[in-house]
Amino acid sequence: MERLENMLAVIFGAIFLALSVLITLEVLLRKLFGFSLQGSHELGGYALAVGATLSFTLALFGRNHIRIDIIHERLPRLFRAVLNCLSSILMASFAGLLGYLAWNVIGDTLAYRSVAQTSWATPLIYPQSIWYIGQAIFMLAAIGLAVKSLWLLISGKLARLDEEYQPKSAKQELEDELDSASQRQRGPSL
């Protein structure tokens, strides 16, 4: 799972790095030479759509989706485990709904042969297919995590369920940030 998370993070970063270079180039060309690349807004919209679906999955793996945890850590382990399992099942249900709705969008796009209302008139099936792949990854990851949490609950592995699925505490988030800062200072490992 860590490899998938790293791959998605690299793709996410590359998309927005490329978008920032394109926007910078667009602004400089327009300001200095009165010339526009035509389409940077369109590509920006596609990048945001794809980036959003990737960020859903990254947040899921990092346990960064918002959950109200004011009393969570004070509850008995069994009740926490049930709540964590329920949370993962509800997230999988939501991801499944998004996947279903996205599939309907793809179907409509194919049926109507939709094109972007821009100067490029891009057939929308291309960017929407990439967007759908990101949505499908989120859906499959959420379903996989929900199945795993249910298995952990049924098999009585409450400590593991609690460890892997509980919302991050402020202390855990601080430790993660300090570890990340420490790794950045050391530089990339080869």
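The questions and answers below concern helix packing, the nonpolar core and selected residues in a predicted model.

Q: At what angle do helix α3 and helix α5 pack, and is the arrangement parallel, perpendicular or oblique?
A: Helix α3 covers residues 77-112 and helix α5 covers residues 158-165, and their axes lie 9 Å apart. The angle between them is about 50°. An angle of that size falls outside the ranges for roughly parallel, antiparallel and perpendicular, so α3 is oblique to α5.

Q: Is the crossing of α3 and α5 left-handed or right-handed?
A: The two helices touch through residues that include R77, L78 and R80 of α3 and L158, A159 and L161 of α5. Their crossing is left-handed.

Q: How do the residues of the contact of α3 with α5 divide into nonpolar, polar and charged?
A: On the α3 side the contact is made by R77, L78, R80, A81, N84, C85 and S88. On the α5 side, L158, A159, L161, D162 and Y165 take part. The division is seven nonpolar, two polar and three charged.

Q: Which helix gives the most to the largest nonpolar core?
A: This core has 21 residues, and those with the most contacts inside it are L60, A142 and L161. At least two residues come from each of α2 (40-61), α3, α4 (125-154) and α5. With seven residues, the helix that gives the most is α4.

Q: Which residues does L161 contact, leaving aside its neighbours within four places in sequence?
A: L161 belongs to the α5 side of the contact with α3, and it is among the core residues with the most contacts inside the core. Beyond its sequence neighbours, L161 is in contact with A81, N84, C85, S149, L152, L153 and Q166.

Q: Is D162 buried or exposed?
A: D162 is found in helix α5. Among residues more than four places away in sequence, D162 touches H72, R77, R80 and N84. Its relative accessible area is 5%, and the cut-off for burial is under 20%, so D162 is buried.

Q: Is Q135 buried or exposed?
A: Q135 is found in helix α4. Not counting residues up to four places away in sequence, Q135 touches T53, F56, A95, L98, G99 and A102. Its relative accessibility is 4%, so Q135 counts as buried.

Q: What is the separation of the C-alpha atoms of A9 and L174?
A: A9 lies in helix α1, residues 2-33, and is partly exposed at a relative accessible area of 37%. A9 and L174 are 165 residues apart along the chain. Their C-alpha atoms are separated by 20 Å.

Definitions and conventions
Residues numbered from 1 in each chain as written. Predicted model: local features only at pLDDT ≥ 70, side-chain atom pairs only at ≥ 80, totals over all residues. Heavy atoms only, no water. Axes fitted to C-alpha atoms, helices over the stretch in contact; angles between N-to-C directions. Helix = DSSP H or I, 4+ residues; strand = E, 2+ residues; numbered from the N terminus. Parallel < 35°, antiparallel > 145°, perpendicular 65-115°, else oblique. Left-handed = near helix turned anticlockwise from the far one by under 90°. Contact = heavy atoms within 4.5 Å. Nonpolar A, V, L, I, M, F, W, Y, C, P; charged D, E, K, R; others polar. Buried < 20%, exposed > 50% of the residue type's maximum accessible area, 1.4 Å probe, protein only. Core = buried A, V, L, I, M, F, W, Y, C linked by side-chain atoms within 4.5 Å.
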